Amino acid sequence: MRTALAIARKELSIYFTTPWAYAVFTAMVALSSFFFVDLLQKFKQVQDMARLMGWEQMPPDFGVYRNLTDGVVVQLWGTILIITLFVAPFLSMRLFAEEKRNKTFELLMTAPVRPIEIVLGKYLGGLGVISATLGLTIVFPLLLAAFGRAESGTALEWSTVLLGYGGLLVWGATCMAVGLFISALTESQMLAAFLTFSVLLPWMLLTGVAQSVEEPLRSVLSYLSFDSQLQNMLKGVMDVQSLVFFASVIVFSLLLTHRTVEAQRWA
């Protein structure tokens, strides 16, 4: 495990000493800020309408705008979920592909390091950078907590906010695991990013596909969909089934990566 941690530190140092990670951080903050401001404006408009008409006269769909947690933060987490789908492939693409392109992969394979330590080290490094990227977004609920107001005295329901944020971290960890496996298959970073996105997006959209098929395939596709597994967590509902699902995807992706690296070591 010590070797894996050393590799993780090396990966993190590479991320944070190159402009690429900071470009991703900037993109995440810029996009999240845009949608945060847009959600706040819509929340304010609905609140103003409710004061004039009363909540009883408002469309049922506007009920989520009764409080900042459901009206802004939960919807913001859903938006950041989509942004992460685009960001994660560009963070995971270099983990193995860069080693192969720079011809240092063969050197790594001849070092007295087990393939499982290499895989875990690189994954932990990727996990650290995706956590840092998503960590920047926690500033938005903090701003609401500092400047927002509610009749109950607490602007946000922090249990809902933090569980939703935990769902984002689980999603980020899953994206990095899938991206790590695909990065191990190629030496082209852009191809690794494209293939990772091409895998994650359809997997995310399985819920829509499930609506057009019959049972029992509908239930199977709905269960396998990332989107359906994440919805309860983003809304602040603890779902053990979803945690088991994502843990299984992560472990399976790491096992595939380990087998790939081990095969390439003896090729």
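Biologist: Which residue just after helix 4 takes a positive phi?

Modeller: In this predicted model, the residue is Lys103, whose phi is about 60°.

Biologist: And helix 4 itself, how many of its residues are buried?

Modeller: Helix 4 spans residues 94–101, and 6 of its 8 residues are buried, which leaves the helix mostly covered. The buried residues are Arg94, Leu95, Phe96, Ala97, Glu99 and Lys100.

Biologist: Arg94 is on that list. What is its relative accessible area?

Modeller: The value for Arg94 is 7%. Because buried means under 20% relative accessible area, Arg94 falls in that class.

Biologist: With which residue of helix 1 does Arg94 form a salt bridge?

Modeller: The partner is Glu11, and the closest N and O atoms of the pair are 2.8 Å apart. Arg94 belongs to helix 4 and Glu11 to helix 1 (residues 2–16), so the salt bridge ties together parts that lie 83 residues apart in sequence.

Biologist: Is Glu11 buried or exposed?

Modeller: Glu11 counts as buried, with a relative accessibility of 0%.

Biologist: What does the side chain of Glu11 meet in helix 6?

Modeller: Glu11 also forms a salt bridge with Lys122, at 2.6 Å from N to O. Lys122 lies in helix 6 (residues 115–135) and Glu11 in helix 1, so this pair ties together parts that are 111 residues apart in sequence. Lys122 counts as buried as well, at 1% relative accessibility.

Biologist: Back to helix 4: how far apart are the closest N and O atoms of Glu98 and Arg94?

Modeller: They are 3.0 Å apart, and the two residues form a salt bridge. Glu98 and Arg94 are 4 residues apart in helix 4, so about one helical turn separates them.

Biologist: Why would that spacing suit a pair within one helix?

Modeller: An α-helix has 3.6 residues a turn, so residues three or four places apart point the same way.

Biologist: Which residues do the shared partners join into one network?

Modeller: The network consists of Lys10, Glu11, Arg94, Glu98 and Lys122, joined by salt bridges that share partners.

Biologist: How many salt bridges does the count come to?

Modeller: The count is 7 salt bridges.

Biologist: Changing topic, at what angle do helix 3 and helix 7 pack?

Modeller: Helix 3 (residues 68–92) and helix 7 (residues 139–147) pack at about 165°, and their axes are 11 Å apart. Since angles over 145 degrees count as roughly antiparallel, helix 3 is roughly antiparallel to helix 7. Their crossing is right-handed.

Biologist: Which residues meet there?

Modeller: From helix 3, Leu68, Val72, Val73, Leu76 and Trp77 meet Phe140, Pro141 and Leu144 of helix 7. By class, this contact has 8 nonpolar residues, with no polar and no charged ones.

Biologist: One more residue: where is Thr257, and is it buried or exposed?

Modeller: Thr257 is part of helix 13 (residues 240–265). Thr257 counts as buried, at 0% relative accessibility.

Biologist: What is Thr257 in contact with, leaving aside its neighbours within four places in sequence?

Modeller: Thr257 is in contact with Phe96, Val119, Ala177, Leu180, Phe181 and Ala184. Of these, Phe96 is one of the buried residues of helix 4.

Notes: Residues numbered from 1 in each chain as written. Predicted model: local features only at pLDDT ≥ 70, side-chain atom pairs only at ≥ 80, totals over all residues. Heavy atoms only, no water. Axes fitted to C-alpha atoms, helices over the stretch in contact; angles between N-to-C directions. Helix = DSSP H or I, 4+ residues; strand = E, 2+ residues; numbered from the N terminus. Parallel < 35°, antiparallel > 145°, perpendicular 65-115°, else oblique. Left-handed = near helix turned anticlockwise from the far one by under 90°. Contact = heavy atoms within 4.5 Å. Nonpolar A, V, L, I, M, F, W, Y, C, P; charged D, E, K, R; others polar. Buried < 20%, exposed > 50% of the residue type's maximum accessible area, 1.4 Å probe, protein only. Salt bridge = Lys/Arg side-chain N within 4 Å of Asp/Glu carboxyl O.
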